[in-house]
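Work through the exercises below with the sequence and the model open. Try each task before reading its solution.

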Amino acid sequence: MKYFDIHTHTPSNNGICSFFRKDSVLPTAQGYYAFGIHPWFLEDVEEQFLWLAKAVHHPRVLALGECGLDKLSKFPLELQIEVFRKCAELSEKMSLPLIIHNVRCTDHLIEIKRDLKPSVPWIIHGFRGKLALANECLRHGFYLSFGEKFQEDTLRNVPIERLLLETDESLLEIDDIYRHVAETRGVSLDELTEALEINVRKLFFK
Ligand SMILES: [Zn+2]
C-alpha cells in the first residue's frame with residue numbers, strides 16, 4: 001500500500017476520493033471513495049440524503065464524508081448540525097469512518113460526538129489548528145488528518161496512532177506530504193509510512 005491519501009478530490013489508486021451529489025460523474029478508475037454532504041452545499045438536502053443512502057453501498061466506498069460544520073458557510077448552523085448528525089448516524093449504521101470538515105466548530109462537534117457516542121472513527125480532515133485545539137480533539141477521541149498546510153508544533157505532538165495524511169485539493173502529491181511530515185516529525189520516511197499503514201488498515205480495511 002505504501003502512501004495512502006485519506007482525503008482527496010482527485011481519483012487515485014492509493015487514496016479515498018470524496019464525492020458530493022453535485023459531482024455528476026463517478027470515475028470508474030480504481031481507488032476508493034467516500035460520499036458525503038458538504039456544509040457549503042446544503043441545497044436540496046432531502047434529495048442529497050436519498051442519493052447518499054444509495055451511494056454508500058458502492059463496493060469501493062471506505063468512508064462517509066466529507067461532512068461537517070463550517071462557521072463560514074452561508075447555510076445556518078442549525079441546518080448544518082441537523083445534516084451532519086444524520087450523516088453521522090448513517091456512517092454508524094454502515095460502519096464507515098466519518099471524514100469531517102470543520103471550520104471553527106470544534107465545540108459543536110465535540111458536543112455531537114458526546115451525544116451520539118459513535119463506534120466508528122471520526123476523522124477531522126485538513127487539520128491546521130494549534131496544539132491546544134488538537135489536544136482537545138484527541139481527548140475526545142478524534143483522529144486528525146494533515147495535508148499541505150499545518151502548524152508544525154501541532155503535527156510534531158499528535159500521537160502517531162491518531163495521525164493520517166491527505167492531499168485534499170493541494171497540487172502536491174501524497175508522497176510530498178509524507179516527506180514533509182516525516183521531516184517535520186524528525187522520523188524516517190520508512191518509519192512514518194509503516195506507522196500510517198497500520199492506521200489506515202485499522203481504520204479503513206478491517
Ligand atoms: Zn476536501
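**Exercise 1: A residue in the core**

Task: List the residues that Leu-64 touches, leaving out residues up to four places away in sequence.

Solution. This is a predicted model. Start with the contacts before Leu-64 in the list: Ala-34, Phe-35, Gly-36 and Val-56. Then add Cys-87, Leu-90, Ser-91 and Met-94. Finish with Leu-96, Leu-98 and Ile-99. Now place Leu-64 in its setting. The largest nonpolar core has 49 residues. Leu-64, Leu-98 and Leu-144 have the most contacts inside that core.

**Exercise 2: The overall fold**

Task: Decide how compact the protein chain is for a globular protein of its length.

Solution. Begin with the secondary structure: the protein chain has seven helices and eight strands. Its radius of gyration is 16 Å, and the globule rule gives 17 Å for 206 residues. The two values are close, so the chain is as compact as a globular protein of that length. Next, take the extents. The C-alpha trace spans about 45 × 40 × 30 Å along its principal axes. Then check burial: 37% of the 206 residues count as buried. Last, consider contacts between residues at least 6 apart in sequence. Of these, 58% join residues at least 24 apart.

**Exercise 3: Helix 2 against helix 3**

Task: Describe how helix 2 and helix 3 pack, and name the residues that make the contact.

Solution. Locate the elements: helix 2 covers residues 77-93 and helix 3 covers residues 106-116. Their axes lie 11 Å apart, at an angle of about 40°. Helix 2 is therefore oblique to helix 3. The crossing is right-handed. Helix 2 contributes Ile-81, Phe-84, Arg-85 and Ala-88 to the contact. Helix 3 contributes His-108, Ile-112 and Leu-116.

**Exercise 4: Asp-107**

Task: Is Asp-107 buried or exposed?

Solution. Asp-107 is found in helix 3. Count its C-beta neighbours inside 10 Å: there are 10. A residue is exposed with 12 or fewer, so Asp-107 counts as exposed. Now look across the sequence. Cys-137 is 30 residues away from Asp-107, yet their C-alpha atoms are 9.3 Å apart.

**Exercise 5: Helix 6 against helix 7**

Task: Which residues make the contact between helix 6 and helix 7, and how are the helices oriented?

Solution. Helix 6 spans residues 174-185, and helix 7 spans residues 189-204. Their axes come within 9 Å and cross at roughly 110°. The two helices are therefore roughly perpendicular to each other. From helix 6, the contact uses Tyr-178, Arg-179, Val-181, Ala-182 and Arg-185. From helix 7, it uses Leu-189, Leu-192 and Thr-193.

Conventions:
Residues numbered from 1 in each chain as written. Predicted model: local features only at pLDDT ≥ 70, side-chain atom pairs only at ≥ 80, totals over all residues. Helix = DSSP H or I, 4+ residues; strand = E, 2+ residues; numbered from the N terminus. Rg over C-alpha atoms; globule rule 2.2 N^0.38 Å. Buried ≥ 20, exposed ≤ 12 C-beta atoms within 10 Å, placed from the backbone. Contact = placed C-beta atoms within 7 Å. Core = buried A, V, L, I, M, F, W, Y, C linked by C-beta atoms within 7 Å. Axes fitted to C-alpha atoms, helices over the stretch in contact; angles between N-to-C directions. Parallel < 35°, antiparallel > 145°, perpendicular 65-115°, else oblique. Left-handed = near helix turned anticlockwise from the far one by under 90°.
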